[in-house]
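Student: Before I look at anything, I would like to learn how the words used for a structure are justified. Could we go through it slowly, with each word set against its definition?

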Amino acid sequence: HFAIHPIDTVKTHLQAAPVQSGVAARTASIGSAFSAVIKADGFMGLYRGAGTVALGAGPAHALHFAVYEVVKEKLGGSGDGVHPIETATAGALATVFNDAIMTPADCIKQRLQMAGRCYSGAISGTAQIIREEGVIALFRSFPATVITNVPYVAVQFGVYETAKKMLARMGAEEEETLVVQLIAGGLGGGFASAITTPLDVVKTRLQLDGSGRYSNGVVPVLRQIAREEGAAALWRGLWPRVLVNAPSAAICWGTYETMKDLLGLKDEDASTGVIASATV
């Protein structure tokens, strides 16, 4: 998360309303956006909010994968063959638990990315948001976050599991390799992030909206953005989003699968040579 946080900061600026970010109003170029953020906030401005999301990511990811493995096993998605529906469903259900932890952390992160100079840090920023807008402000984007992440995770997990098995077969190897896991993870994360960009723009607008400019509904906000700024505004930040999520998903899946191997959570079916995930 820390390594790719500057790209995420640029994505937030691109997706923000023009009245909130001069970057969004002036350019859609990633390079120009980087320059604009550094000019306005200095190089360290690219890292505002990194600590907040890092603290929330650990427990959120742990709960996410635990739920994913249990549900996938119950649905029969851990056996031989390709099971995109089962794995996609398990991933979608797991993301609801993940979002319950990450939504407040992501809200604070994006507020710091956009208005870091207004807060002395994450703790004071959180206190200020609660004092001025109430605790509900930290969770205002939860419905939009779930609506964004359920299809995102469903597509990512489905593409990952399918691509992983297809790549392993193409390599004529009995066991999937780390390279296969990394490539499959990158494909899943990149494709899923691209097609859900409009929903992510809505989530960003809601998390940054402290003035009540937008309603809480996803569809009304989509329509408002398209009406006021044009349909192209719904796709702002697409490439930064892909650049963030493709390597992030690749590293996440590679690390996760490697740790499962090291901890003995994968058992080999001697009769088929297929690796089957053990129930968590």
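What follows is a conversation about how the terms used for this structure are earned.

Student: What kind of model is this, and what elements does the chain have?

Tutor: This is a predicted model, and its chain has twelve helices and two strands. Read from the N terminus on, the elements run α-α-α-α-α-α-α-α-α-α-α-α-β-β. Of the 280 residues in the chain, 51% are buried, and the accessible surface comes to about 12700 Å², with 67% of that surface belonging to carbon and sulfur atoms.

Student: Why is Gly188 called buried?

Tutor: The word buried is used for a relative accessible area under 20%. Gly188 has a relative accessible area of 0%, so Gly188 is buried. This residue is found in helix 9, which covers residues 178-195, and, leaving out residues up to four places away in sequence, Gly188 touches Gln156, Val159 and Tyr160. From C-alpha to C-alpha, Gly188 is 8.8 Å from Val153, although the two are 35 residues apart in sequence.

Student: Why does Thr126, with a relative accessible area of 18%, get the word that it does?

Tutor: The value of 18% has to be set against the cut-off of 20%, and because 18% is under 20%, Thr126 counts as buried. Thr126 has its place in helix 6, residues 122-133, and touches Ile108 and Leu138 when residues up to four places away in sequence are not counted.

Student: What makes the pair of Thr126 and Ala122 a polar contact?

Tutor: A polar atom of the Thr126 side chain lies 2.7 Å from the backbone oxygen of Ala122, and the cut-off for a pair of N or O atoms is 3.5 Å. The distance of 2.7 Å is within 3.5 Å, so the pair meets the distance part of the definition.

Student: Why is Val96 called partly exposed?

Tutor: Partly exposed is the range between buried, under 20%, and exposed, over 50%. Val96 is at 33% relative accessibility, and therefore counts as partly exposed. The place of Val96 is in helix 5, and together with Leu63, Phe97 and Ile101 this residue makes a nonpolar surface patch of about 290 Å². Helix 5, residues 84-115, gives the patch its largest share, three residues.

Student: How do you know that Glu69 and Lys72 form a salt bridge?

Tutor: A salt bridge needs a side-chain nitrogen of Lys or Arg within 4 Å of a carboxyl oxygen of Asp or Glu. The closest N and O atoms of Glu69 and Lys72 are 3.9 Å apart, so the pair is within the limit. Both residues lie in helix 4, three residues apart, which is about one turn of the helix. Glu69 counts as buried at 1% relative accessibility, and Lys72 is buried as well, with a relative accessible area of 3%.

Student: What makes Lys72 and Glu161 a salt bridge, and which parts does the pair tie together?

Tutor: The closest N and O atoms of Lys72 and Glu161 are 3.4 Å apart, so they too are within 4 Å. Because Lys72 lies in helix 4 and Glu161 in helix 8, the pair ties together parts that are 89 residues apart in sequence. Glu161 also meets Lys164 in a salt bridge, at 3.3 Å from N to O, and these two are separated by about one helical turn because they are three residues apart in helix 8. Both Glu161 and Lys164 are buried. A search of the whole structure finds 18 salt bridges.

Student: What makes a set of residues a nonpolar core?

Tutor: The members must be buried residues of certain kinds, including Phe, Tyr and Trp, joined through side-chain atoms within 4.5 Å. The largest such core has 16 residues, of which Phe65, Tyr68, Phe157 and Trp253 touch the most other members. Helices 4, 5, 8, 9 and 12 each supply at least two residues of this core, and the largest share, five residues, comes from helix 8. Apart from this core lies another, of twelve residues, among them Ala17, Ala144, Val201 and Val218. In soluble globular proteins, nonpolar side chains tend to be buried together.

Definitions and conventions: Residues numbered from 1 in each chain as written. Predicted model: local features only at pLDDT ≥ 70, side-chain atom pairs only at ≥ 80, totals over all residues. Heavy atoms only, no water. Patch = residues over 30% accessible without salt bridge, like charges linked within 9 Å, V, L, I, M, F, W, Y side chains within 5 Å. Areas by Shrake-Rupley, 256 points an atom, 1.4 Å probe, with all protein chains shown as cover. Helix = DSSP H or I, 4+ residues; strand = E, 2+ residues; numbered from the N terminus. Buried < 20%, exposed > 50% of the residue type's maximum accessible area, 1.4 Å probe, protein only. Contact = heavy atoms within 4.5 Å. Polar contact = N/O pair within 3.5 Å; in protein donor to acceptor, adjacent residues only side chain to side chain.
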